Amino acid sequence: MTRYTGIIEHFRNRLPLAPDAKAISLGEGATPLIKLDKLVRAEGLEAELYVKFEGLNPTGSFKDRGMTMAVTQAVYEGSRAIICASTGNTSAAAAAYAARAGIVAFVLIPEGKIALGKLAQAIVHGAVVIQIRGNFDDGMRLVKEVAKTAPVTIVNSINPYRLQGQKTAAFEIVEALGRAPDFHCIPVGNAGNITAHWIGYSECAGIGTEACLHCQGDCAFLGVASTRKRPRMVGYQAAGSAPFLRGGPVANPETIATAIRIGDPQSWAPAWIVREESDGWFDELEDQEILATQRLLAEKEGVFCEPASAASLSGALRDLHSGKIPAGSTVVCTLTGNGLKDPDIILKDGLRGLVQVDAEQGVVERALLERLA
Ligand code: F0G
């Protein structure tokens, strides 16, 4: 068996890198596609339902797929510093890959609005963390301004190498299933990832897509994993920050799913193309629904994702119940990030299930037996 060394080496012939570009990798990709039969039965549904657990990437989110590409290309072009605005995961990935490459990462984060684990990641990897009194959209605006003059490479998803890396998740899904799913459900913030998946599925199907910033629909490669059809793409947003449902930017986005607390998505136009081309739709979820699904998935299937990620499954379950996603469909939900990044959101509810007893055998035994009765 050869050692797996990340998406660039694995999918090199499908990625727009120069042959002599040296991959900066942490072994990202090859994440599991987990089938949720138990949850489907418990919900009384009939479907082939999977989650693609992107939280198992090296820094705990799907951003690693894009960051390995963006940083590899930045280093190849001679860049010595990268910059991004972030709700937390992009900054964690940027910090880690910059460390790996031996370059500087500047990360702009919204004050008090990123999960603690993500902040710890940026700090431990030695990024320059700039906390702004503003939200992600302000950060994004500042990054674009600053990068006009400062010698830094933007590694937000407006960097087209990011989406090229992230499209590999779709390749892996087609490889694993032997075909594309009927529906692909995904949380939407900046809308880069929904676009990247569509690019990936389109390449597998040998169909160009206008949503691809690289080829603008010119590419019709049929390779890696092939499939005749593409899925319908369904993007879910948090109700308090749902510009795709409102038809335009949202001034003060709010949601407990801080990763997708974005009011002015950078991939606005491509995401609408994805909706059109795939005959998909956007929908929104209340914070309480998102949190309930996060718990349900953890309790019923042993998968702990972060709140933003649970939006995809939450929406899929609702649409399966209503029949909007027909019974018998094959559905893949992207779980974008790891639940360990944001333990506060769980513990804020109190230490549910915690049993406190004296350190004595008899007492502990009784505590066990009471609960097994
Ligand atoms: N889920 C998680 C866990 C995320 O971190 C993000 C985006 C998304 C979903 C949405 O993906 O933006 O491609 O539509 N996080 C970015 C960040 C904005 O800064 O970490 P998208």
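Two people discuss the ligand and the cavity in this predicted model.

Colleague: What makes Lys63 a polar contact of the ligand?

Modeller: A polar side-chain atom of Lys63 lies 2.8 Å from a nitrogen atom of the ligand. The cut-off for a pair of N or O atoms is 3.5 Å, so the pair counts as a polar contact.

Colleague: Which atoms of Thr87 and Thr336 lie at such distances from the ligand?

Modeller: For Thr87 it is a backbone N or O atom, 2.8 Å from an oxygen atom of the ligand. For Thr336 it is a polar side-chain atom, 2.6 Å from a nitrogen atom of the ligand. Both values are within 3.5 Å, so these are polar contacts too. The protein covers 99% of the 470 Å² of accessible area that the ligand has on its own.

Colleague: Why is the space that holds the ligand called a cavity?

Modeller: The ligand sits in the largest cavity. A cavity is a set of points where a 1.4 Å probe fits but cannot get out, so the name rests on that test.

Colleague: How many cavities of 30 Å³ or more are there?

Modeller: The count comes to 1. About 310 Å³ of space lies in the largest cavity.

Colleague: What lines the largest cavity?

Modeller: Its lining has 30 residues, with Phe62, Lys63, Asn190, Ala259 and Ile260 nearest the centre. They divide into 12 nonpolar, 15 polar and 3 charged. α4, α7 (160-166) and α9 each supply at least two of the lining residues.

Colleague: How many residues surround the ligand itself?

Modeller: There are 19, and Ser86 and Ala191 are among the closest. This shell divides into 7 nonpolar, 10 polar and 2 charged residues.

How values were computed. Residues are numbered from 1 along each chain as its sequence is written. This is a predicted model: local features need pLDDT of at least 70, side-chain atom pairs count only at pLDDT 80 or more; totals for chains, interfaces and linings use all residues. Side-chain values use heavy atoms; hydrogens and water are left out. A residue is near a molecule or strand if one of its heavy atoms lies within 4 Å of it. A polar contact is a pair of N or O atoms within 3.5 Å; within protein, one must be able to donate a hydrogen and the other to accept it, and residues adjacent in sequence count only if both atoms are side-chain atoms. Accessible areas come from the Shrake-Rupley method with a 1.4 Å probe; for residues, only the protein chains shown count as cover. On a 1 Å grid over the protein atoms alone, a cavity is a set of points where a 1.4 Å probe fits but cannot get out, and a pocket is an open set with protein on both sides within 12 Å along at least five of seven lines; lining residues have an atom within 4 Å of a point. A molecule sits in a cavity or pocket if more than half of its atoms lie within 2 Å of its grid points. Ala, Val, Leu, Ile, Met, Phe, Trp, Tyr, Cys and Pro count as nonpolar, Asp, Glu, Lys and Arg as charged, and the others, Gly among them, as polar. Grid points are joined across faces, edges and corners, and a volume is the space filled by probe spheres set on the points. Helices (H or I, at least four residues) and strands (E, at least two) are DSSP runs, numbered from the N terminus.
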